[in-house]
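Student: I have a chain to study. Can we go through it step by step?

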Amino acid sequence: MLRCGGSDITSVLFLPSEYRSIRLYRAATWWKQALYSVLCVTSFGVLPLLAYYMPLLHAACTLTPLSSGVFATVVLVQRRDSTGSWEAVAVQRTPTTSADDGVNPPEQLIWFTFRKHRYMYDDSTTSFRRISATLHGVTSSDALRSRLTSGHSDEMAAALLRYFGPNALEIALLPARHVLMEKLLHPFYLFQLTSVALWLYEAYWSYSILILAMTVGSVGYEVATQLLNTKKLHNLMHMDDVVVH
């Protein structure tokens, strides 16, 4: 149950998780970060390249595993698809205020978002649980009519916003440098750049320059196309319309 201010109360439903497994982490100590940096240099970039494609390896090198989600800053979630791939997701914290009924709520809400669903840390089960975006608690037609007429109180609306987040479909706009790095680290372009380096070493100048120019043009086109399409989706999700009562 979610309660805030006076008699305002609503039920919160928990849904089955959409991931196969989860691992909890926090930021590693400074010496572990320093050791990882040294290994990145001594391996001539091979270690960070492998860590980019293997989240478990990256977590083992740069993060500290935890048994509780209270202090977690990053979680690794395993997808339910056939590959069982892992994805790193940042853990968020939302401050809360004291309730008026004398019951002290948690000082902060601990949650993360996976596949557009919010997973809230539940103290009773000491685990992250997927919350339903559907509100419950209106059991009669009179209560429903009153809810539609007056809406929620300011306290309850603020509590719902903290717990569920804004009622919006967010399309993140990634910086161009992040998209460019993602393209350059693709195995195909890594193979192309490695081949160009070898051909230049063997003095195949014309062929190397041609392949390099085609690779640069292809990467630039893919980056520009992805940024443009993402921008269009972002603008589509943020259309402003005037509502007339």
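The turns below go from the whole chain to its helices and strands.

Student: How many helices and strands does the chain have?
Tutor: This is a predicted model. The chain has 245 residues, and 27% of them count as buried. Its elements are eight helices and 11 strands.

Student: What is the mean pLDDT of the chain, and which element has the lowest?
Tutor: Of the residues, 82% reach 70 or more, and the mean pLDDT of the chain is 82. Where pLDDT is low, the predicted coordinates should not be read in detail. S6 has the highest mean among the elements, at 94. The lowest, at 52, belongs to strand S1 (residues 2-3).

Student: What share of the contacts in the chain between residues at least 6 apart joins residues at least 24 apart?
Tutor: Start with the contacts between residues at least 6 apart in sequence. Then keep those that join residues at least 24 apart. That share is 60%.

Student: What span should helix H1 have, and how far apart are its end C-alpha atoms?
Tutor: H1 covers residues 30-42, which is 13 residues. At 1.5 Å a residue, H1 should span 18 Å. The distance between its end C-alpha atoms agrees: 18 Å.

Student: Which residues of H1 are buried?
Tutor: An α-helix has 3.6 residues a turn, so residues three or four places apart point the same way. Seen down the axis of H1, the buried residues fall within an arc of 80 degrees, so they line one face of the helix. They are Lys32, Tyr36 and Cys40.

Student: Which residues are exposed on the other side of H1?
Tutor: Exposed means over 50% relative accessible area. On the other side of H1, four names fit: Trp30, Trp31, Val41 and Thr42.

Student: What covers the buried residues of H1?
Tutor: Look for elements in contact with Lys32, Tyr36 and Cys40, the buried residues of H1. The cover includes two helices and a strand. They are helix H2 (46-53), helix H3 (55-62) and strand S5 (63-66).

Student: For which residues does UniProt list "transmembrane region"?
Tutor: The UniProt entry is unreviewed. In the model, residues 30-50 are 86% helix, with end C-alpha atoms 21 Å apart. Residues 207-229 are 100% helix, and their end C-alpha atoms are 33 Å apart. The UniProt entry lists residues 30-50 and 207-229.

Student: Which residue is the bridge partner of glutamine 78 in S7?
Tutor: Strand S6 (residues 74-79) and strand S7 (residues 86-90) pair antiparallel over five bridges. Six residues lie between the strands in this hairpin, where glycine 84 takes a positive phi near 65 degrees. The partner of glutamine 78 is tryptophan 86.

Student: Which residue in S6 stands opposite isoleucine 22?
Tutor: Strand S4 (residues 19-27) runs antiparallel to S6, and six bridges join them. S4 also pairs with S5 in the antiparallel sense, over four bridges. Opposite isoleucine 22 in S6 stands valine 77.

Student: Which strands are the edge strands of the open sheet of five strands?
Tutor: The order is S3-S11-S10-S9-S8, with antiparallel pairing. An edge strand pairs on one side only. The edges are strand S3 (14-15) and strand S8 (92-95).

Student: Which residue in S9 stands opposite threonine 94?
Tutor: S8 and strand S9 (residues 108-114) run antiparallel. Four bridges join them. Opposite threonine 94 stands leucine 109.

Note on methods. Residues are numbered from 1 along each chain as its sequence is written. This is a predicted model: local features need pLDDT of at least 70, side-chain atom pairs count only at pLDDT 80 or more; totals for chains, interfaces and linings use all residues. Side-chain values use heavy atoms; hydrogens and water are left out. The expected span of a helix is 1.5 Å times one less than its number of residues. Buried means under 20% relative accessible area, exposed over 50%, partly exposed in between (1.4 Å probe, protein chains only). The arc is that of the directions from the helix axis to the C-beta atoms. Contact means heavy atoms within 4.5 Å. Two strands pair if DSSP finds at least two bridges between them. UniProt positions are given in the numbering used here, feature names are shortened, and annotations may be inferred rather than shown by experiment. pLDDT is the predictor's confidence in each residue, from 0 to 100.
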